Number of protein chains: 2
Amino acid sequence: MPSPLQSTTSVAVLGCGLIGESWSALFLAHGLDVVAWDPDDGVLSALPERVEPLLAQLRALGPVSDRPGRLSVAPSAAAAVGNAGWIQENAPEKTAVKHALYAEVEAAAPPDAVIASSTSSLTWTDLAAGVTRRDRFITAHPFNPPHLMPLVELFAADERTLGRAESFYRSLGRVTVALKKDAVGHIANRLASALWREAVNIVAEGIADVGDVDAALVHGPGLRWSVIGAHMAYHLGGGPGGMAHYLDHLGPSQERRWATLGTPGLTPEVRRLLIDGIAQEAAGRSIATLEAERDRGLMLALAARRKAEEGENP
Amino acid sequence: MPSPLQSTTSVAVLGCGLIGESWSALFLAHGLDVVAWDPDDGVLSALPERVEPLLAQLRALGPVSDRPGRLSVAPSAAAAVGNAGWIQENAPEKTAVKHALYAEVEAAAPPDAVIASSTSSLTWTDLAAGVTRRDRFITAHPFNPPHLMPLVELFAADERTLGRAESFYRSLGRVTVALKKDAVGHIANRLASALWREAVNIVAEGIADVGDVDAALVHGPGLRWSVIGAHMAYHLGGGPGGMAHYLDHLGPSQERRWATLGTPGLTPEVRRLLIDGIAQEAAGRSIATLEAERDRGLMLALAARRKAEEGENP
């Protein structure tokens, strides 16, 4: 698979927690050399071993590069980026920590390397305040786990850098969307937060238990939204007249329903309901077991999606 | 496939629009005889032809009953329910229309037949006000299209009737969730409305276009929610400490994000953005084409899900 990077350059992965290890696997599977750094030596030295099962998942999912990339670790962020064409930063979600890292990285990185932050909760504006060359700084927010989830949400101030980012992540089989303006929570986490607020409200109001809310989502709207988006669903809900017909006939009832949605707080009582409810839903399964089940489900869903894209029928 | 109905009884389908035709296909595929009625003779006489492609989808998805049910049509609601063990009502979402229908149906139905309303926007309480024997009246809200979407949301005042409903819909391969108390929008449409409100807000605020919001959902949270629920996703987001850890560490940032979510109105300007945006996303594809694409995607997703349930790997 071709990459928009020079063959002599590598990807630097800064911060090797859950997000960094998953990015590493994705880059390696696509034949890119990865130079990783993490301030925690234990995390860094365990990385090759932690990446292995993720690479196995990617091999199971479909063809990966004939020549997988080489993974090496660096003693400092500066050393990691010295020969990098792309820098994927996954440091803790603290502005000061990231700013300090950018200062070190900007001084050491090749001039045309892009610095991409995986930040989930901070904005480009927050982070760019600590960057000198803002034209090459972007946010590139993946959905966890990045090696399986296709979405990468991009924001860049520079059009050319945005174009490079779109080519780069698409060359890794990702689906990119670009924000027209910087926003907290990008797109997907805003949607997820809005849905979770009501999911919490339904539990807090005693309409349904945690497990039933999750079941309703997975077997109802979640399944549908894995195939078509929310706007498109209402377009089809309007019948032959589409969105315009939907808005005419059911817009007012949506506005009335919006007025009945809740604005719960995460009070001690609500926390207790959520913690007890999830324990009941997990029914003794450990986090590791639940993660393995999620990953297997995601991989099957991704395989189904590939069939759909290739025009295959069930 | 066994059914909790007597072999001599049938299912009455009252109202044969999109929901009624899809229910009919599901019942028939599971070997149940269907007696259908609709006030519009044209709709009723076209039903057998409209059910055929839906049955073909169910056959393509997997094994259906060796002996498919028989579909017949009745000249009145009273005639349709005369021998019914189950009555699935899909009349227009108008309380007065449904109340008038219930009066006719209650007088003609066998005493132990359950009357189940597919209502999406009305509540059990609204509708039961027009029913004499409330112990056998339930809401059973499917997700569109019911023959493909597994979810059925139930509310019943009578425990024994709720139990019968759970057995009945599960015997049709559906996943049921029961509301602990009656609520507008049940569970799934409350979640869908909450998400769509923010999806509209993102467009209204100029953060992203309709098509990019849909793409972010389909390739991010939608894909994930087709595998695990929103509560479970945050449980896993908490790492080894699960939900309790998540709430301690990221609960406050969720509450801050909730405060930034929008409360748009469906003003003429917003309607214009939605209608133009969906036209751009549809890119010339007709409603029928988009529906066919949705159904094919759903069928592949359902086939993948069955593999996951059977313990198969990708």
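In this predicted model, a good place to begin is inside chain A, where the axes of helices α8(A) and α13(A) come within 10 Å of each other and cross at roughly 95 degrees. An angle from 65 to 115 degrees counts as roughly perpendicular, and α8(A) and α13(A) are therefore described as roughly perpendicular to each other. On the side of α8(A), the contact is made by A:Trp196, A:Val200, A:Val203 and A:Ala204, while α13(A) brings A:Val270, A:Leu273 and A:Leu274. When the residues of this contact between α8(A) and α13(A) are sorted by class, 7 are nonpolar, none is polar and none is charged.

Helix α8(A) also takes part in a contact with the other chain. Its partner there is helix α10 of chain B, residues 230–237, and the axes of α8(A) and α10(B) come within 9 Å and cross at roughly 110 degrees. The two helices α8(A) and α10(B) are therefore roughly perpendicular to each other as well. From α8(A), the residues A:Ala192, A:Ser193, A:Leu195, A:Trp196, A:Ala199, A:Val200 and A:Val203 meet B:Ala230, B:His231 and B:Tyr234 of α10(B). By class, the contact of α8(A) with α10(B) holds 8 nonpolar residues and 2 polar ones, with no charged residue. A:Trp196 can thus be found both in the contact with α13(A) and in the contact with α10(B).

Helix α13(A), residues 268–282, likewise reaches across to chain B, where it packs against helix α11, residues 242–260, at an angle of about 150 degrees and with the axes 8 Å apart. Because angles over 145 degrees count as roughly antiparallel, α13(A) is roughly antiparallel to α11(B). The residues that meet are A:Arg271, A:Leu274, A:Ile275 and A:Ile278 in α13(A) and B:Met243, B:Ala244, B:Leu247 and B:Asp248 in α11(B). The contact of α13(A) with α11(B) has 6 nonpolar residues, no polar residues and 2 charged residues.

These helix pairs lead to the question of how many residues of chain B are in contact with chain A. There are 108 residues of chain B in contact with 108 residues of chain A. Between them, the two chains bury about 10600 Å², and 71% of this area is on carbon and sulfur atoms. Within the area that chain B buries against chain A, B:Trp196, B:His231 and B:Trp258 supply 8%, which is more than any other three residues.

Stepping back to chain A as a whole, the domain assignment gives domain 1, residues 10–178, and domain 2, residues 188–283, and the C-alpha centres of these two domains lie 32 Å apart. An unreviewed UniProt entry places the feature "domain: 3-hydroxyacyl-CoA dehydrogenase NAD binding" at residues 10–181 of chain A, a span that is 40% helix and 22% strand in the model, with its end C-alpha atoms 30 Å apart. The annotation "domain: 3-hydroxyacyl-CoA dehydrogenase C-terminal", also from an unreviewed UniProt entry, covers residues 185–253 of chain A, where the chain is 75% helix and 0% strand and the end C-alpha atoms are 28 Å apart.

Some details of the backbone remain to be visited. Most residues other than glycine have a negative phi, and most peptide bonds are trans. In chain A, however, a cis peptide bond with omega of about -5 degrees joins A:Asn144 and A:Pro145, and A:Pro145 is placed in the loop between β6 (137–142) and β7 (151–156). In chain B, the peptide bond from B:Asn144 to B:Pro145 is cis, with omega near -5 degrees, and B:Pro145 is placed in the loop between β6 (137–142) and β7 (151–156) of chain B. A:His186, which is not a glycine, has a positive phi of about 45 degrees, and A:His186 is found in the loop between β8 (175–178) and α8 (188–204) of chain A.

Note on methods
Residues are numbered from 1 along each chain as its sequence is written. Chains are lettered from A and ligands numbered from 1 in the order in which they are written. This is a predicted model: local features need pLDDT of at least 70, side-chain atom pairs count only at pLDDT 80 or more; totals for chains, interfaces and linings use all residues. Side-chain values use heavy atoms; hydrogens and water are left out. Domain bounds come from an automatic or database domain assignment. UniProt positions are given in the numbering used here, feature names are shortened, and annotations may be inferred rather than shown by experiment. Helices (H or I, at least four residues) and strands (E, at least two) are DSSP runs, numbered from the N terminus. Axes are lines fitted to C-alpha atoms, for helices over the stretch in contact, and angles run from 0 to 180 degrees between N-to-C directions. Angles under 35 degrees count as roughly parallel, over 145 as roughly antiparallel, 65 to 115 as roughly perpendicular and the rest as oblique. Contact means heavy atoms within 4.5 Å. Ala, Val, Leu, Ile, Met, Phe, Trp, Tyr, Cys and Pro count as nonpolar, Asp, Glu, Lys and Arg as charged, and the others, Gly among them, as polar. Buried area is the accessible area (1.4 Å probe) that two parts lose on being put together, summed over both.
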